[in-house]
Amino acid sequence: MIPFAEVLKTVEKAFKLVEMLAEKPMTFTEMVSKAKSNKATIHRFLSTFDQLGYITKDHQEKYYLSQQWFQIAQKASDNLDLNSIARPYLQSIAEKVNESTFLAQFVGDQVLYVEKMESQSAARIVLGVGKHAPLYCVASGKLYLAHLTEKRLDLYFSRNKLEAHTENTLTNKDQLMLELKKVRANGYSVDREEWEKGLKGIAFPIYNARNELAGALCVAGLSYRFDDEVMEKAIILGQHATKDLSLRLGFINKGEL
């Protein structure tokens, strides 16, 4: 096993190169000179960055940071803004429907819950911030899948087996595709005890200034009290909140999913 101190030193060197290129584009020779490191080490870092798409080179043989860094920075900014902006909406809906609310975002092939506001009910759902869930069997995840292109959906299905978590889980691809069609038509997604028995949820899309799905506002509760009346109230509140949230993030015209 490589010692931690050695790993840390390697990572530090890599980020120093990134900082150098952030200041101005440089040739290989200029980087070797400024970094005061050997050619083999610099070449190894540059090759890795190039393969990962984080740098590019112009006709003068100068390396510079690719757009991928700007995309990462923009996403990080979106997340920070969204978390702080969404909290009052989550709190308001949780109080009005007396159910827990969440802000969900998407990491790889999973949902990540990044914010939560508890309901005031004595019986609450056990689902906290930092919890992950499969995309295909929770409301926010199905919402995300409904936004994917056919090509990206095929890639998702090639990587993920649709396993049953409850008797309500959609494990048939064709059935799930029909469900995604309904999500697009309705503008929101519903989890009918598909991930955990006794737990229902509904999710609404939040869009950013680039017309991308930035996250989802979710309302979740125990199935015995999450009846049609609560569902109807949550839909009205959720749609109004996410429309406002999207506008505050700079979204102009959602159109269709």
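This is a chat about a predicted model, its helix 7, its aromatic pairs and a few single residues.

Reader: Before we start, what kind of model is this, and how are residues numbered?
Author: It's a predicted model, where local features need pLDDT of at least 70, side-chain atom pairs count only at pLDDT 80 or more, and totals for chains, interfaces and linings use all residues. Residues are numbered from 1 along each chain as its sequence is written, and side-chain values use heavy atoms, with hydrogens and water left out.

Reader: OK, how many helices and strands are there?
Author: The protein chain has eight helices and nine strands. Those are DSSP runs numbered from the N terminus: H or I with at least four residues for helices, E with at least two for strands.

Reader: And how much of the chain is buried?
Author: Buried residues are 45% of the 257 residues. Buried means under 20% relative accessible area, exposed means over 50%, and partly exposed is in between, using a 1.4 Å probe and protein chains only.

Reader: What share of the contacts comes from residues far apart in sequence, say 24 or more positions?
Author: Among contacts with a separation of 6 or more, 58% are between residues 24 or more positions apart. A contact here is heavy atoms within 4.5 Å.

Reader: Let's look at helix 7. What length should it have, and what does the model give?
Author: Helix 7 covers residues 173-186, so its 14 residues at 1.5 Å each should span 20 Å, and the end C-alpha atoms are indeed 20 Å apart. The expected span is 1.5 Å times one less than the number of residues.

Reader: Which of its residues are buried?
Author: Leu176, Glu179, Leu180 and Val183 are the buried residues of helix 7. They take up an arc of only 100 degrees around the axis, so they sit on the same side of helix 7. That arc is taken from the directions from the helix axis to the C-beta atoms.

Reader: Why would residues a few places apart point the same way?
Author: An α-helix has 3.6 residues a turn, so residues three or four places apart point the same way.

Reader: What covers that buried side, and which exposed residues face away?
Author: The cover includes helix 5 (139-146), helix 6 (150-159) and strand 7 (189-192). Turned away from the buried side are the exposed residues Asp174, Leu178, Lys181, Lys182 and Ala185.

Reader: Glu179 caught my eye. What does Glu179 touch?
Author: Leaving out residues up to four places away in sequence, Glu179 touches Lys142, Leu170, Val190 and Arg192. Glu179 counts as buried because its relative accessible area is 9%.

Reader: What happens at the two ends of helix 7?
Author: At the start, a side-chain oxygen of Asn172 comes to within 2.9 Å of the backbone nitrogen of Asp174. After the helix comes Gly187, with a positive phi near 85 degrees.

Reader: New topic: how many aromatic pairs are there?
Author: The count is six aromatic pairs. Rings of Phe, Tyr and Trp (its six-membered ring) pair if their centres lie within 6.5 Å; planes under 30 degrees apart are stacked, over 60 edge-to-face, and the rest tilted. One of the pairs is Tyr188 with Phe204, tilted, at 6.0 Å centre to centre and 45 degrees between the planes.

Reader: Where do those two sit?
Author: Tyr188 is in the loop between helix 7 and strand 7, while Phe204 is in strand 8 (residues 199-207), 16 residues apart. Both Tyr188 and Phe204 are buried.

Reader: What about Tyr207 and Phe251?
Author: Their ring centres are 4.9 Å apart with planes at 25 degrees, so that pair is stacked. Tyr207 lies in strand 8 and Phe251 in the segment after helix 8 (228-248), so the pair ties together parts 44 residues apart in sequence. Tyr207 is buried at 5% relative accessible area, and Phe251 is buried at 7%.

Reader: How many disulfides are there?
Author: Zero disulfides, taking a disulfide as a pair of cysteine sulfur atoms within 2.5 Å. Cys137 is buried with a relative accessible area of 0%, and Cys218 is buried with 7%.

Reader: Which residues other than glycine have positive phi?
Author: Asn98 is one of them, with phi near 55 degrees, and Glu193 is another, near 60 degrees. Asn98 is in the loop between helix 4 (67-97) and strand 4 (100-107), and is partly exposed at 33% relative accessibility. Glu193 is in the loop between strand 7 and strand 8, and counts as buried at 13%.

How values were computed
Polar contact = N/O pair within 3.5 Å; in protein donor to acceptor, adjacent residues only side chain to side chain.
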